[in-house]
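This briefing covers the surface, overall shape, cores and selected residues of one protein chain. Please read it alongside the sequence and coordinates shown here.

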Amino acid sequence: MKQALRKELETFSGSFIIRKLTEPHFDPNWHFHPHFQLFLVVRGTGTRFIGDSIRPFSEGELVLLGPDIPHLWRSDPPYFEPHSHLFTEGIVLYFTDDFLGNVFLQKPEMSALRQLLEHSRRGMEWLGRTRDWATGELKKLLSLPPTFERVLALLSLLHRLSLSSDYRFISSQGYTNTHKPSETNRMQAVHDYVLARYTSTIHLEEVAALVGMSPSAFCRYFKARANKTFSEFVGEVRVGQACRLLQEDNLNITQISYECGFRTLSNFNRQFREITGQTPSEYKRRYRDV
């Protein structure tokens with residue numbers, strides 16, 4: 001695994017970068033970078049890892065991330081199959097807090113925007129009408145030439161987001177990134193291992209050996225960096241996959257529990273409620289009503 005955990009972007013030729021992504025799958029590497037990022041999933045499904053949050057993602061998701069939040073949009077397994085005709089699409093926008101100069105955001109008129117950028121350090125997922133409006137504006141922004149008009153369009157977009165309450169935080173309050181670029185291989189190996197084996201029993205000894213640690217040392221290491229225990233991480237991966245299957249509505253709840261690695265229905269129901277705040281049946285019903 002040669003990809004660095006800290007992702008370096010090309011030098012900005014303008015105030016910000018916006019691009020459309022069309023690939024067989026989204027970048028499968030767990031990474032972070034020193035830029036704010038606004039990301040729209042146009043096409044694709046999978047599991048989203050942001051900070052200490054694990055949730056399924058699907059088309060239409062719009063997320064704003066602050067600098068240095070580790071993140072990964074992991075496409076579902078069918079996107080990685082050799083002869084798959086599936087593909088993903090996204091629109092991503094990167095900017096820094098000094099994209100209009102060192103003192104611009106310090107002006108009194110920028111107080112709402114400063115608060116938005118501060119909130120984004122936990123990650124923000126946009127919902128409802130604000131998401132729908134911002135999606136359209138982001139697509140328009142993509143087509144604009146790199147002129148003053150494009151800068152105004154970005155400011156208008158950020159201003160509207162700063163005044164809206166149609167969002168939810170992604171990472172837990174107080175979350176901070178404790179990952180180091182030198183630890184890329186280790187954390188990437190853990191993610192890959194769990195995502196490949198969450199349907200079956202996962203043995204702590206095997207994961208610890210994979211990264212060259214004793215089980216006790218690995219448990220301390222993982223909790224310090226992920227803000228949760230390894231068993232909690234595995235549980236959230238499994239519940240995240242269960243959410244996706246509940247949305248697809250092709251299996252009943254008992255089948256989904258076993259498909260996601262839970263050995264008893266009662267354990268599945270308990271963990272699902274602890275993580276999502278609702279039962280699988282309630283989640284399925286509310287998803288249908290959206």
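The protein chain, a predicted model, exposes about 14,600 Å². Carbon and sulfur atoms supply 49% of that area. Of its 290 residues, 46% count as buried.

**Overall shape and charge**

- The radius of gyration of the protein chain is 20 Å, which agrees with the value near 19 Å that a compact globule of 290 residues would have.
- Taken along the principal axes, the C-alpha atoms fill a box of roughly 60 × 45 × 40 Å.
- The protein chain contains 10 helices and nine strands.
- Among contacts between residues at least 6 apart in sequence, 72% join residues at least 24 apart.
- Side chains with a positive charge number 36 and those with a negative charge number 32. The centres of these two sets lie 3 Å apart.

**Nonpolar cores**

- In soluble globular proteins, nonpolar side chains tend to be buried together.
- The largest nonpolar core here has 25 residues, and Leu93, Phe95, Leu116 and Leu138 have the most contacts inside it.
- At least two residues of this core come from each of strand 2 (36-43), strand 5 (62-65), strand 7 (88-95), helix 1 (111-119), strand 8 (124-126), helix 2 (128-143) and helix 3 (148-163).
- Helix 3 gives the most to this core, supplying four residues.
- Leucine 116 is in contact with Leu64, Met124, Trp126, Leu158, Leu161 and Ser162, when residues up to four places away in sequence are not counted.
- A second core, separate from the one above, has 23 residues, including Phe49, Ala208, Val211 and Ala226.

**Glutamate 125**

- Glutamate 125 is part of strand 8.
- Its relative accessibility is 9%, so glutamate 125 counts as buried, the cut-off being under 20%.
- Leaving out residues up to four places away in sequence, glutamate 125 touches Arg48, Glu61, Leu62, Val63, Asp166, Tyr167, Arg168 and Ile170.
- One of these contacts, glutamate 61, is 64 residues away along the chain, and the two C-alpha atoms are separated by 7.5 Å.

**Positive phi at two aspartates**

- Aspartate 68 has a phi near 65 degrees, a positive value in a residue other than glycine.
- The loop between strand 5 and strand 6 (71-75) holds aspartate 68.
- With a relative accessible area of 29%, aspartate 68 is partly exposed, because that class runs between the 20% and 50% cut-offs.
- Aspartate 249 also has a positive phi, near 60 degrees, and is likewise a residue other than glycine.
- The loop that holds aspartate 249 lies between helix 7 (230-248) and helix 8 (253-259).
- Aspartate 249 has 36% relative accessibility and therefore counts as partly exposed.

**Lysine 107**

- Lysine 107 sits in the loop between strand 7 and helix 1.
- At 44% relative accessibility, lysine 107 counts as partly exposed.
- From C-alpha to C-alpha, lysine 107 and alanine 196 are 49 Å apart in space, with their positions 89 residues apart in sequence numbering.

Key
Residues numbered from 1 in each chain as written. Predicted model: local features only at pLDDT ≥ 70, side-chain atom pairs only at ≥ 80, totals over all residues. Heavy atoms only, no water. Core = buried A, V, L, I, M, F, W, Y, C linked by side-chain atoms within 4.5 Å. Buried < 20%, exposed > 50% of the residue type's maximum accessible area, 1.4 Å probe, protein only. Contact = heavy atoms within 4.5 Å. Rg over C-alpha atoms; globule rule 2.2 N^0.38 Å. Areas by Shrake-Rupley, 256 points an atom, 1.4 Å probe, with all protein chains shown as cover. Lys, Arg positive; Asp, Glu negative; His and termini not counted. Charge placed at Lys NZ, Arg CZ, Asp CG, Glu CD.
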